[in-house]
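This report describes one protein chain, going from individual aromatic residues to the sheet and then to the chain as a whole. Please keep the sequence and the coordinates at hand while reading.

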Amino acid sequence: MSDLKESTTSSAEAKAAPAVDLKLEIVVIPVSDVERAKQFYAKLGWRLDADFAGPDDYRVIQFTPPGSNASVIFGKNVTSAAPGSAQGLYLVVSDIEAARSALLGRGVAISEAFHAGGDVHVGPDEPYLFGRVRQSGADPARGSYRSYASFSDPDGNGWLLQEVTARLPGRIDGNGTSFTSSADLAAAFRRAAAAHGEYEKRNGGKHDENWPDWYADYIVNEQHGQQQAA
């Protein structure tokens with residue numbers, strides 16, 4: 001009886017305790033050639049945060065992608081994982097084609113944009129979050145979470161770009177709206193402008209003098225996965 005009571009008490013205390021922030025900040029990537037990897041991730045345009053060396057052939061390098069709160073680390077004697085074994089590393093972007101063009105402009109080999117071939121988890125293609133069948137081109141409806149592109153570093157560690165324009169409900173903390181870069185904010189304004197154009201058409205083409213309020217509501221609702229009122 002005492003064990004049951006203790007378990008019940010511990011469970012109640014856990015539920016009553018305030019949540020502790022747990023911020024995912026580092027992903028370790030296994031590489032075989034540190035200098036080659038450093039050159040590659042620098043070519044991506046990522047920020048070099050650290051390059052430390054120590055005794056016993058130890059070295060650690062940290063890069064952070066633009067707009068990201070999480071960083072990647074690689075080096076010597078920092079992981080026992082096999083080089084190239086990190087797969088399914090997702091980079092969320094607001095415009096899949098713009099992101100692809102930016103990487104191509106930096107000389108990075110990257111796949112064409114693709115979308116899921118249904119909910120198929122067996123097939124000839126390299127696996128990703130929604131299966132193993134890749135259909136050429138971005139999602140025809142350009143739905144959020146549905147368009148991808150992939151690339152690898154020199155060791156074969158696999159990265160995927162995923163286009164996310166509207167988060168699913170419950171995936172944004174609190175009531176705030178935030179953007180990590182001016183490019184993401186500009187993309188949100190463009191989507192709001194297109195949606196507002198359709199809104200004006202539905203209302204007889206009359207100019208909406210309150211368009212700033214409409215834009216603001218649209219952008220906030222989009223980030224929280226909510227529908228904009230007609």
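## A ring pair in helix 5

In this predicted model, Trp-211 has a relative accessibility of 38% and therefore counts as partly exposed, since that class lies between the 20% and 50% limits. Tyr-215, at 14% relative accessibility, counts as buried. Both residues lie in helix 5, which spans residues 211–223, and they are four residues apart, about one turn of the helix. Their ring centres are 5.0 Å apart and their planes stand at 70 degrees, so the pair is edge-to-face.

His-196, which has its place in helix 4 (residues 182–202), is in contact with both of these residues, and also with Asp-208 and Trp-214, when its neighbours within four places in sequence are left aside. With a relative accessible area of 4%, His-196 is buried.

## The four-stranded sheet

Four strands form an open sheet with mixed pairing, and their order is 1-4-3-2. Strand 1 (26–28) and strand 2 (47–54) stand at the edges with a single partner strand each, so one side of each has no neighbour in the sheet. Direction ignored, neighbouring strands of this sheet are turned against each other by 20 degrees on average.

Strand 2 runs antiparallel to strand 3 (residues 58–64), and seven bridges join the two. Among the bridge partners found in strand 3 are Arg-59, which is matched with Ala-53, and Tyr-58, which is matched with Gly-54. The two strands form a hairpin with three residues between them, and in the turn Asp-56 has a positive phi of about 60 degrees.

Helix 2 (residues 34–43) packs on the sheet, where it touches strand 2, strand 3 and strand 4 (71–76), and its direction makes about 10 degrees with that of strand 3.

## Aromatic residues of the sheet and beyond

The structure holds 16 aromatic pairs. One of them is the stacked pair of Phe-63 and Phe-74, with 6.0 Å from centre to centre and 15 degrees between the planes. Because Phe-63 lies in strand 3 and Phe-74 in strand 4, this pair ties together parts that are eleven residues apart in sequence. Phe-63 counts as buried at 1% relative accessibility, and Phe-74 is likewise buried, with a relative accessible area of 0%.

Phe-63 and Phe-74 also belong to one aromatic cluster, which they form together with Phe-40, Tyr-41, Trp-46, Phe-151 and Trp-159.

## Val-92 in strand 5

Val-92 lies in strand 5, which covers residues 89–93, and is partly exposed, with a relative accessible area of 44%. Leaving aside its neighbours within four places in sequence, Val-92 is in contact with Gln-162, Val-164 and Arg-167. Between Val-92 and Gly-67, which are 25 residues apart in sequence, the C-alpha to C-alpha distance is 9.9 Å.

## The chain as a whole

The chain has five helices and nine strands, and from the N terminus on its elements run α-β-α-β-β-β-β-α-β-β-β-β-α-α. Of the contacts between residues at least 6 apart in sequence, 53% join residues at least 24 apart.

Buried residues make up 33% of the 230 residues. The chain exposes about 14,100 Å², of which carbon and sulfur atoms supply 53%.

Definitions and conventions
Residues numbered from 1 in each chain as written. Predicted model: local features only at pLDDT ≥ 70, side-chain atom pairs only at ≥ 80, totals over all residues. Heavy atoms only, no water. Pairing = 2+ DSSP bridges. Axes fitted to C-alpha atoms, helices over the stretch in contact; angles between N-to-C directions. Contact = heavy atoms within 4.5 Å. Buried < 20%, exposed > 50% of the residue type's maximum accessible area, 1.4 Å probe, protein only. Areas by Shrake-Rupley, 256 points an atom, 1.4 Å probe, with all protein chains shown as cover. Phe/Tyr/Trp six-rings, centres within 6.5 Å; stacked < 30°, edge-to-face > 60°.
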